[in-house]
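Look at the sequence and the model together before reading on. The paragraphs below go through one part at a time.

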Amino acid sequence: MDKINKNEYLQAKPKFLLHVCCANCLLYPAAALSKDFQVYFYFYNPNIYPASEYIKRLKYVKIVSEIYGVPLIVGRYEKKMWLDRTGTLKSEPEGGLRCELCFKIRLKKTAKAAKKLGFDLFGTTLTVSPHKNQAVINNLGMAISKEENQEFLVADFKKKDGFKKTMQLSTEHKIYRQSYCGCVYSMANSRD
Ligand code: SF4
């Protein structure tokens, strides 16, 4: 096989827009995906409440972006839209219908951004968390992939000790760890 230089190799890798829920969940998936893809981070999380928490989580994603040398694209913080859309589901338990809609809002926006910006495929870090149902997330991703005609990477990053690995990396890099999932409704279920 002919030798190719690093730049040619990078250009040959598919361009992947990776939705990032937080810096902790990002560390392992980003390292794993970078072997096969030209990864860009996409921070779009209108669910996060309050704004000070949003700013803090984004700050740590920027730190990971710098550590890995991976570009970061930041979506709009559409918090009112998110509250309006999920308001009727505010009494749902974590893992219920509100979360499904929350995943859908974020994945849909990521797919649209991937399409607009000329990415080959999109995916999300959400499945690394043991609190998140990978089947629900992957089914939504596949449905949105069809709607938007944009390839989606089916993945379950919690497999092969993915969660443990991402938390080890989080400790190593001194990343801030939140105690609740993100929205105002989940604050009452703080995991600490
Ligand atoms: S608990 Fe987490 S996934 Fe569920 S709606 Fe709130 S922020 Fe979204």
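**A helix with two sides**

In helix H7 (residues 162-172), the residues Gly162, Thr166 and Ser170 are buried. Seen down the axis of H7, the buried residues fall within an arc of 75°, so they line one face of the helix. A residue counts as buried here if 20 or more other C-beta atoms lie within 10 Å of its own. Bear in mind that this is a predicted model.

What do the buried residues of H7 pack against? They pack against helix H2, which covers residues 23-33. On the other side of H7, the residues Lys164, Thr171 and Glu172 are exposed. Just after H7 comes Lys174, which takes a positive phi of about 55°.

Now turn to the strands. In what order do the 5 strands of the open sheet come? The order is E3-E2-E1-E4-E5, and the pairing is parallel. Strand E3 (72-74) and strand E5 are the edge strands, as each pairs on one side only.

The pairings can be followed from strand to strand. Strand E1 (residues 15-19) pairs with strand E4 (residues 121-124) in the parallel sense, over 4 bridges. To find one of these positions in the model, start at Leu17, whose bridge partner in E4 is Phe122. E4 is also joined to strand E5 (residues 151-152), and here 2 bridges link the strands, which run parallel. In this pairing, Leu121 stands opposite Glu151 in E5.

A helix lies across part of the sheet. Helix H5 (residues 97-116) lies across E1, E4 and strand E2 (38-43). The direction of H5 is at about 155° to that of E1.

The last part to find is the ligand. Which residues surround the ligand? Four of them are cysteines: Cys99, Cys102, Cys181 and Cys183. The others are Asn47, Glu94, Arg98, Gly182, Tyr185 and Ser186. Sorted by class, this shell has 5 nonpolar, 3 polar and 2 charged residues. Cysteine and tyrosine count as nonpolar in this sorting, and glycine counts as polar.

Methods. Residues are numbered from 1 along each chain as its sequence is written. This is a predicted model: local features need pLDDT of at least 70, side-chain atom pairs count only at pLDDT 80 or more; totals for chains, interfaces and linings use all residues. Two strands pair if DSSP finds at least two bridges between them. A residue is buried if 20 or more other C-beta atoms lie within 10 Å of its own, exposed if 12 or fewer, and partly exposed in between; C-beta atoms are placed from the backbone. The arc is that of the directions from the helix axis to the C-beta atoms. Two residues are in contact if their C-beta atoms, placed from the backbone, lie within 7 Å. A residue is near a molecule or strand if its C-beta atom, placed from the backbone, lies within 6 Å of it. Axes are lines fitted to C-alpha atoms, for helices over the stretch in contact, and angles run from 0 to 180 degrees between N-to-C directions.
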